[in-house]
Structure formats: structure tokens, C-alpha cells
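Subject: Handover of a structure and notes on its fold

Dear colleague,

Please find below the structure that I am handing over to you. I would be grateful if you kept it open while reading the notes that come after it.

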Amino acid sequence: LMGQPIKAQGVPRLLKRERRSFGTFDADCFLLESECGVLVPFLVASLPGTPPDAPLAFYLHSSGKDAVFSHRGARSLADAGFRVAGVDVRGTGETCYVYHTEEEYAVSNSIMTGRALFDGRALDVLCAVECLRRCGAADAVSFWAADAFSLCSVLTAADCPSVERLVLENSPLSLISEHGLSAVPDYLFVPAMLSVLDIPQLLAIVSPRPLLVLNPVDGRGARLAPADVSELLAWTSAAYAPGGLAVECLSDETARSAAIAFLKGERGS
């Protein structure tokens, strides 16, 4: 699909690690090099009293690691006793581009050579997980990813056995649309992707690990009706391990509760 492996030789390299406080959160902060010259900051935050070996979940969003402190979903994870990790993959947070669009910056090869931005970001998340494993901070993690970053988390998990469970919230379900794709960033269109697979097939590559799809959307960001979801994910359901795929269309508050229960192993096989 990408033309080269997600994993690369010699990475990640941990450059810095320190403890800091952010309001009510305590955080273990890291700076790593995921590829030559690509610096990726990330952190693991928790509320006071959270055990150091508490389960760890990555909260992945276009806001980068700041989403850990500003999103209700991330706070719900912390309140439920999780350690919550956030990462500024290339082009987000502290690594945000200031004078180019994402595509212009990628084409200029200032931060990568021979990679699509899609798999470059997946590599950044993969390196963060690997860094935590090497540091003894976590042997297993889960992902809660929102919007288009849900697809990045799937690509990461496919190449990372440390990922146990995935929640995808507001994920687009197809790169094909009769009405345009305003909600799907251009960087998802990796070369010849649709000649190989679409999003339903991409989701199946993480089987048999449990997967919860919450409130999926179409190419313009509108929530899909349950009947449309069933039709779009028919291929995924047939290919996925029995009992491993769950799809829910819920209100926001109920969706957060469902995600927490799923990541705790209280729902799904």
C-alpha cells in the first residue's frame, strides 16, 4: 500500500524525557526522533493517585497532545483510571507547519523522503508506542482515535502487536463519495490506494483485535444512518474475527461511556 515498510532501521531514538505538571495532570514528557530529522514530542498524562502501571490509552486527534488536556473523551479516560498518551505527529501541535499547507510541506521533502504523510504519521505513533515499551512504561496500549486520525491509528496498529484494542470515533468510512470529501484530508489519498483497498478493507487488517467504530461519518463529515453503516461495513464484518467488531451510533455522552467500557474490556471479545 505505501511502497515501503512503516518501520525503519535505527528508530526511534529517545532524545529527552522529563516530568511536568499541567494543571491537575502529571505528565511524563518525551521527545523522540522517528526518522532522521523528524522530532516528535509526546506525553503520558494521569491524574494524581493513578498507579504507574495503570492501563495506557493513546488519545489520537488532529489537535495533537493538547487534546489530552482539552477533550472530554481524554478526560473521561483519565477519570476512569487510565494513563492517557497524546502525541504531536508531524504537522500537528508543536510540529505544526507555519507557512506551508500540509501537502506543500510534504512535497518539499523537508520532513520526509519517500513517504506519504499518512504513513509518516503512522510511523510517529508507532515510534511513540515502541519508545514506551523500551522504557518499561507500557507493554500494551489501546487507541482511541478521532476523525481522520482514526485511519492513522488503524495503520499503526496493523504493524504494532502492542496495541490491544481500538476505538474509532467519527471515522470516515469511504474514500469514495458522490458529494465530495470535505471531511477527508487530502493526505489520505496515498498513491493508488483505491486500487488496493478502501476504508472497510483497511479496518479489517487489525483483526482479530477488538475494534469499536463510534458514530462513523461520510466523506463530508455527516453522521451515517445505521442502515448505511451496515451496508458500508458488510465487507469488514465478513472478514473480521467473530465478535471482534462493534459499531455504535450514539449520543456524544453515551459514546464516551461506551468507549471507556470497551477499552476496559467490559464490552467486546
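The following paragraphs describe what was found, beginning with the sheet and ending with the cores.

Please bear in mind throughout that this is a predicted model.

The sheet

The model contains an open sheet of nine strands with mixed pairing, and their order across the sheet is β1-β2-β3-β5-β4-β6-β7-β8-β9. At the edges stand β1 (13-22) and β9 (245-248), each of which pairs on one side only. On average, neighbouring strands of this sheet are turned by 20° against each other, direction ignored.

It is convenient to start with the strands β1, β2 and β3. Strands β1 and β2 are antiparallel and share nine bridges; in this pairing, R13 has E33 of β2 as its bridge partner. The two strands form a hairpin with two residues between them, and G23 in the turn has a positive phi of about 60°. On its other pairing, β2 is joined to strand β3 (residues 38-46) by nine bridges, again in an antiparallel arrangement. Here D26 stands opposite S46 in β3. A hairpin is formed by β2 and β3 as well, with two residues between them, and G37 in its turn has a positive phi of about 85°. Strand β2 (residues 25-35) is mostly covered, since nine of its eleven residues are buried.

Further along the sheet, the pairing of strand β6 (residues 141-146) with strand β7 (residues 163-169) is parallel and runs over six bridges. Within this pair, S142 has R165 of β7 as its bridge partner.

Helices α4 and α5

Helix α5 lies across β4 (56-60), β6 and β7, and runs at about 155° to β6. The axes of helix α4 (residues 117-134) and helix α5 (residues 149-158) come within 9 Å and cross at roughly 65°. This crossing is right-handed. From α4, the contact is made by F118, D119, R121, A122, V125 and L126, while α5 contributes F149, L151, C152, L155 and T156. Of the residues in this contact, eight are nonpolar, one is polar and two are charged.

The nonpolar cores

The largest nonpolar core has 56 residues, and F58, F143 and L211 have the most contacts inside it. Helix α4 gives the most to this core, with ten residues. A second, separate core has 24 residues, among them F25, A57, Y59 and L77.

Three residues: L211, L245 and T236

Leaving aside neighbours within four places in sequence, L211 is in contact with L166, L168, L203, V206, Y240, G244, L245, A246 and F262. One of these partners, L245, lies in strand β9. With the same neighbours left aside, L245 is in contact with L211, V213, T236, S237 and Y240. The C-alpha atoms of L245 and L233 are separated by 9.9 Å, and these residues are twelve places apart along the chain.

Residue T236 is found in helix α8 (residues 234-239). Is T236 buried or exposed? Its relative accessibility is 0%, and T236 therefore counts as buried, the cut-off being under 20%. Beyond its neighbours within four places in sequence, T236 is in contact with P200, L203, A204 and L245.

Yours sincerely,
A colleague

Technical notes
Residues numbered from 1 in each chain as written. Predicted model: local features only at pLDDT ≥ 70, side-chain atom pairs only at ≥ 80, totals over all residues. Heavy atoms only, no water. Axes fitted to C-alpha atoms, helices over the stretch in contact; angles between N-to-C directions. Helix = DSSP H or I, 4+ residues; strand = E, 2+ residues; numbered from the N terminus. Left-handed = near helix turned anticlockwise from the far one by under 90°. Contact = heavy atoms within 4.5 Å. Nonpolar A, V, L, I, M, F, W, Y, C, P; charged D, E, K, R; others polar. Pairing = 2+ DSSP bridges. Buried < 20%, exposed > 50% of the residue type's maximum accessible area, 1.4 Å probe, protein only. Core = buried A, V, L, I, M, F, W, Y, C linked by side-chain atoms within 4.5 Å.
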